[in-house]
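Trainee: Could we go through this structure together, one question at a time? I would like to see how each answer is reached.

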Amino acid sequence: MCACVCVCIVLTICYLIGSYQGDIHGNFRDLSCFEKVLWRMGPVLTPAKFLFLGDYVDRGKHGFEVVAYLFAQKLLTPSKFMLIRGNHEIRVVQESFTYKWECVEKFGEQLGVEVWEATNKVFDVLPLAAVIDKKIFCVHGGIPHPDLCEGLISSINDIPTNLPNPMESNLLAWEVMWNDPIRQDDIDASIEEQLAINNGFIDNFARGTAHMFRSSNTAGS
């Protein structure tokens, strides 16, 4: 799954699936709809590439089926199916939601935990970002705080690719998965002041972790 680096380099034609377009979150029916519309003849015969932006499990009832399908397609066409890691491809998050218990329910307590752990070992080495045509920066969450990477995408490649617990072991990885753009409607005078002082970033009050950012400030305007 591009485990040698944390940033995938992607060339067009490429479809983006996930994040603000809608995370899959265990919804196999939606994934089947994508298949019928985007790669009806199968990815081998489809000229486009497909970049999935994470959050494959939790919430929906078919996280395992989604993961099994995506892993199978990745093995079949490794240069066309690209998967990056979202903030639900983390064990501690899944334990607070549904994926671990889904595996236990479907496979039994012992085998279910083994299946859950096996899929997470793949999640541990998924890339965290992708760049399309050297122009479009893609992550599940958002732009990390510049203090963590000096504004360089290449800094993400310094993150260890076997990353079972990003919350404790790598703050840059955590921000790439959890940061959010701030909505204009949420900006009042106090937040405006904080954004101005902190290069367009504030604490992510919606999630209680990582940061929120405003694109106009981070672009240097």
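Trainee: Is Arg183 buried or exposed?
Mentor: We sort residues by relative accessible area, using a 1.4 Å probe and protein chains only: buried means under 20%, exposed over 50%, and partly exposed in between. Arg183 has a relative accessible area of 57%. Because that value is over the 50% cut-off, Arg183 is exposed.

Trainee: Before we go on, what kind of model is this?
Mentor: It is a predicted model, in which local features need pLDDT of at least 70 and side-chain atom pairs count only at pLDDT 80 or more, while totals for chains, interfaces and linings use all residues. Residues are numbered from 1 along each chain as its sequence is written, and side-chain values use heavy atoms, with hydrogens and water left out. pLDDT is the predictor's confidence in each residue, from 0 to 100. For this chain, 92% of the residues reach 70 or more, and the mean pLDDT is 88.

Trainee: Which residue forms a salt bridge with Arg183?
Mentor: A salt bridge needs a side-chain nitrogen of Lys or Arg within 4 Å of a carboxyl oxygen of Asp or Glu. Here the closest N and O atoms are 3.1 Å apart. The partner counts as partly exposed, at 24% relative accessibility. It is Asp186.

Trainee: How far apart are the closest N and O atoms of Asp180 and Arg207?
Mentor: This salt bridge links distant parts of the chain, with Asp180 in strand S7 and Arg207 in the loop between strands S8 and S9. Strands (E, at least two residues) and helices (H or I, at least four) are DSSP runs, numbered from the N terminus. Asp180 is buried at 12% relative accessible area, whereas Arg207 is partly exposed at 40%. The closest N and O atoms are apart by 2.6 Å.

Trainee: Which residues are joined into one network by salt bridges that share partners?
Mentor: Start with Asp124 and Arg91, which form a salt bridge with the closest N and O atoms 2.9 Å apart. Both of these residues are buried. The full network consists of Arg85, Arg91, Glu117 and Asp124.

Trainee: Which helix gives the most residues to the largest nonpolar core?
Mentor: A nonpolar core is a set of buried Ala, Val, Leu, Ile, Met, Phe, Trp, Tyr and Cys residues joined through side-chain atoms within 4.5 Å. The largest one has 23 residues, and Leu31, Trp39, Phe52, Tyr56 and Leu70 touch the most other members. Several elements each supply at least two residues, including helix H1 and strand S3. With 5 residues, the one that gives the most is H2.

Trainee: In which order do the strands of the open sheet lie?
Mentor: Two strands pair if DSSP finds at least two bridges between them. S3 and S4 pair in the parallel sense over 3 bridges, and one bridge joins Phe50 to Phe81 in S4. The edge strands, S2 and S4, each pair on one side only. The order is S2-S3-S4.

Trainee: Where does pLDDT stay under 50?
Mentor: Where pLDDT is low, the predicted coordinates should not be read in detail. The model has 10 contacts (heavy atoms within 4.5 Å) beyond four places in sequence for this stretch. The stretch is residues 217–221.
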